[in-house]
Amino acid sequence: MPAPRTKLPSFIWLIFLGLFLVTALGLFGGGSGGGVTAIPYSQFQTYLEQGKVKQVTVSGDTIRGTLTEAMSDGHTGFTTVQVPPDLAATLSKYKVEYGAVSTGGPLATLLSWVLPPLLFVGVWMLASRAMTGGGFGGGRGGFAGGLFSIGRSRAKLVTPETEVQVTFEDVAGVDEAKAELHEIVDFLKRPDEFGRLGAHIPRGILLVGPPGTGKTLLARAVAGEAGVPFYSTNGAEFVEMFVGVGAARVRDLFEQARSTAPCIIFIDELDALGRARGVSPVTGQDEKEQTLNQLLAEMDGFDRSVAIVVLAATNRPEILDPALLRAGRFDRQVLVDRPDKKGRVDVLRIHLAKLKLAPDVSLDDIAGLTPGFTGADLANLANEAAVLATRRGAESIAMQDFTGAVERIVAGLEKKSRILIPKERRIVAYHEMGHALVALAIPGTDPIQKVSIIPRGIGALGYTLQRPVDDRFLMGRQELEDKMAVLLGGRAAEMLLGDDVSTGAADDLAKATDIARGMVLRFGMDAKLGPVAWDTEPGHFLEQQQGAYWRPRRFSDETAHEIDRAVRARLEGALDRAVGILRANRDALDAGAGALLARETLSAEDLPAVRGEEGRTVSPESA
Ligand code: ADP
Ligand code: MG
Ligand code: ZN
C-alpha cells in the first residue's frame, strides 16, 4: 500500500488563496459601498462643474471618488484616468468627450509582481504532472502528489477487475515456457506444499525471446492465474533524467511488494534498465547504474521465506548486465521461441476462433505457409485476412485471403531477414541434417537433442542442439577430431547437395579452426610439429587487463609455415571424413532434410537411422 501522503497540498492551496485575495483587493480597492463605474474624464469634469463630486482620491494618474447622487446605473462611486490639463481644456472647448487609459495603476504593478511566479508555478505543475503521468485529482496523490511522488514506483497492480483476464489457454506454441510458469503459479498458490520438502520459490525468472513471441502475454496469463497480487511495470519507467529517481522507484516497488507478499513483480523490457554497466566517460557513475544497483540490492535483500517472484522479459538478453543473471537473481531463464509448425497451428486456432471462416480454410496449410512467423505475426495475419475478405465483400474468410495476407506480411518480414526463401530453407535443412548425421554416425559424440531450421537469434539460420552428457575438463585427441568432423558436417552436406557452398558455415568453420589450432599449437597433438607448446593460452587475467594482445611469436618463420600447413591439413581431413560419412548415408541425408523441411524441428527420435563409421547401423536412440 502507498506510504501516507505528505501534507503539503493544503499549504500550496493557502498560497493560492492569498494571491487571489491580494489581486481582488487591487482590483476593487478604494471603491465604496454603492459600486464603482469607470467614467470618461470629460464626464468627471462635467460632474465637477455641476458640483456633484463629493470626495476624490488621486493616485498616479487615476482619480477615484464618490458623487453626491447616483449615476444612471445607480452607482455613486466612480473612477477615471486624468488627461493632460491643456489637452483637456482644448477638448472641452469643442465639446468632445475625452478620457485616458491608465499606463500603470496599482493593479498593473501588482500583476507584474504576481504573474511571473504564478506562471512559474503553473509550468512546474504541468511538468511534474507529465513526469508522473497522473491527472489532477486522479490516481495516487492527485495534483500535488504529482509534485512529490516522482520517486514512487509506477507499477500497476493488476487485479482481475482491472484487466481482461488472460489465461494460459490464450497462449500457444510455447509449451516449455508455459510449463515452467505453471510450476511457479502452483508454487505461489500452495507454498506450504512445496515448502514441505524444503524447496524454495525461484527468485527471478527471465523470459527471453524474439519480439512478438508472447512474453508479455505469458506474464499477463500468470497474473490472471496466480491469484496473488501482480505488479506490472516496464523497464523504461525506471529510466529518468534525474539522478536517484529510478533507484527510488525500484525501492518503492519492492517496499509495496513486500507488504503484500506472496506476490509477483513483472518488469517488461528489462533491458531498458538492466543494460550492462560501464563507466560513462562524462558522468562516471550514471543514473541508470544507480537504478540497476538498487534492483540488484533489492533482489538480494529479501530472504527466501518471503514469497516474491520477480518475473521479467527481454528480447535482448545479450546486453543485460551479467550480474543480473547470477544465482539468486534472474537465474532461471525461460526461452520463448518462435513456434514450430504444430505450435503455429495452435496459435492460429486461438486467433481464428472468433472469425468467420470458409470451409476451405486449413490451419495446417496456413501453418505450412508461415515458417518463422511469431505469435504476433500470426495474430496480424488473421486480421489482415479478415480485412482482405471484407474488402472482397465476401461472407466469410477463405483460404485465398490467407494466402494473400501471408504474401503481404512475408514481404515485410523478408526485409527484416527473418524469413528464408525456399532455396535457402533447403540449403539450411541439408546443412543442419549434415551436422546431425555425422554426429549420429560417430560413436561417442554428444547425443543430438533437436534439429531445427527455425531461424533463431541473429545470424543463426537453423540449429542443431547437442547436449553434452556431462561436464568435461579433459578431451582426448580422438574426441577433438570427432568434434571437428561434426562441426564441418554442415559444410559437407552443402557440398553434397550441389557444387556451391554457402556463408552459413562461417561460424562452424571458425570453431573448427580454433580446435585445429589448439591441437597444433597448444596441446602438442600434431605428430610432425611435436610435443611443443608453440603458443600458450592467451594471457592471464592481468595480462588481458593491460591490453597485452600482442605477444612475441615464439617460433621461426619456417615453423609458422608448418603450423599453417598442419592446421589446414587437420581441417581438410575432418571435412573429408564428414563428406565420407554423409556420402555413405546419402539416403538418410535426403530423407532427414525432407522431413526437416516439412516439420521444421525434429527431435532425436525423428532422425533417420544412419550407418555408423564402421559400417554398422546406428539408430538415434543408441547413439
Ligand atoms: P512479446 O512481449 O514477446 O514481444 P506479446 O506478448 O506482446 O509479445 O505478443 C503480442 C501479441 O501477439 C499478443 O497480444 C497475442 O495476441 C499475439 N501472440 C504472441 N505470441 C502468442 C502466442 N504464443 N500465442 C498466442 N498469441 C500470441
Ligand atoms: Mg513484450
Ligand atoms: Zn552449422
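1. Let's start at ligand 1, where a nitrogen atom of the ligand sits 3.2 Å from a polar backbone atom of Thr213. Please keep in mind as you read that this is a predicted model.

2. Two further backbone contacts are worth finding on screen. A nitrogen atom of ligand 1 lies 2.7 Å from a backbone N or O atom of Ala172, and an oxygen atom of the ligand is 2.9 Å from a polar backbone atom of Leu217. Taken alone, ligand 1 would expose 560 Å², and the protein buries 78% of that.

3. How many residues surround ligand 1? The shell has 14 of them, and the closest are Ala172, Gly212, Lys215, Thr216 and His351. By character, the shell divides into six nonpolar residues, six polar ones and two charged ones.

4. If you like to navigate by helices, three will help you here. At least two shell residues come from each of α8 (215–226), α12 (341–352) and α14 (375–392). Of these, α8 gives the largest share of the shell, with three residues.

5. Where does ligand 1 lie relative to the domains? Domain 2 (153–335) and domain 3 (341–410) both give residues to the shell, so ligand 1 lies between them. Colouring these two domains separately would be a friendly way into the picture.

6. Next, have a look at the zinc ion, which is ligand 3. Its protein donors are the NE2 atoms of His431 and His435 together with an OD atom of Asp508, at 2.0 to 2.1 Å from the ion. Along the sequence, these donor residues follow the spacing H-x3-H-x72-D.

7. That spacing has a counterpart in the helices. His435 belongs to helix α16 (residues 422–441) and Asp508 to helix α18 (residues 506–521), so to speak of this pair is to link distant parts of the chain, 73 residues apart. Are His435 and Asp508 buried or exposed? Both of them are buried.

8. Finally, a stop at Val56, which you will find in strand β2 (residues 53–59). Val56 is partly exposed, because its relative accessible area of 40% falls between the limits of 20% for buried and 50% for exposed. Val56 and Thr66 are ten residues apart in sequence, and their C-alpha atoms are 6.7 Å apart in space.

Definitions and conventions. Residues are numbered from 1 along each chain as its sequence is written. Chains are lettered from A and ligands numbered from 1 in the order in which they are written. This is a predicted model: local features need pLDDT of at least 70, side-chain atom pairs count only at pLDDT 80 or more; totals for chains, interfaces and linings use all residues. Side-chain values use heavy atoms; hydrogens and water are left out. A residue is near a molecule or strand if one of its heavy atoms lies within 4 Å of it. A polar contact is a pair of N or O atoms within 3.5 Å; within protein, one must be able to donate a hydrogen and the other to accept it, and residues adjacent in sequence count only if both atoms are side-chain atoms. Accessible areas come from the Shrake-Rupley method with a 1.4 Å probe; for residues, only the protein chains shown count as cover. Helices (H or I, at least four residues) and strands (E, at least two) are DSSP runs, numbered from the N terminus. Ala, Val, Leu, Ile, Met, Phe, Trp, Tyr, Cys and Pro count as nonpolar, Asp, Glu, Lys and Arg as charged, and the others, Gly among them, as polar. Domain bounds come from an automatic or database domain assignment. Donors are N, O and S atoms within 2.8 Å of the metal (3.2 Å for Na, K and Ca); water is not among the atoms, so sites may look incomplete. Buried means under 20% relative accessible area, exposed over 50%, partly exposed in between (1.4 Å probe, protein chains only).
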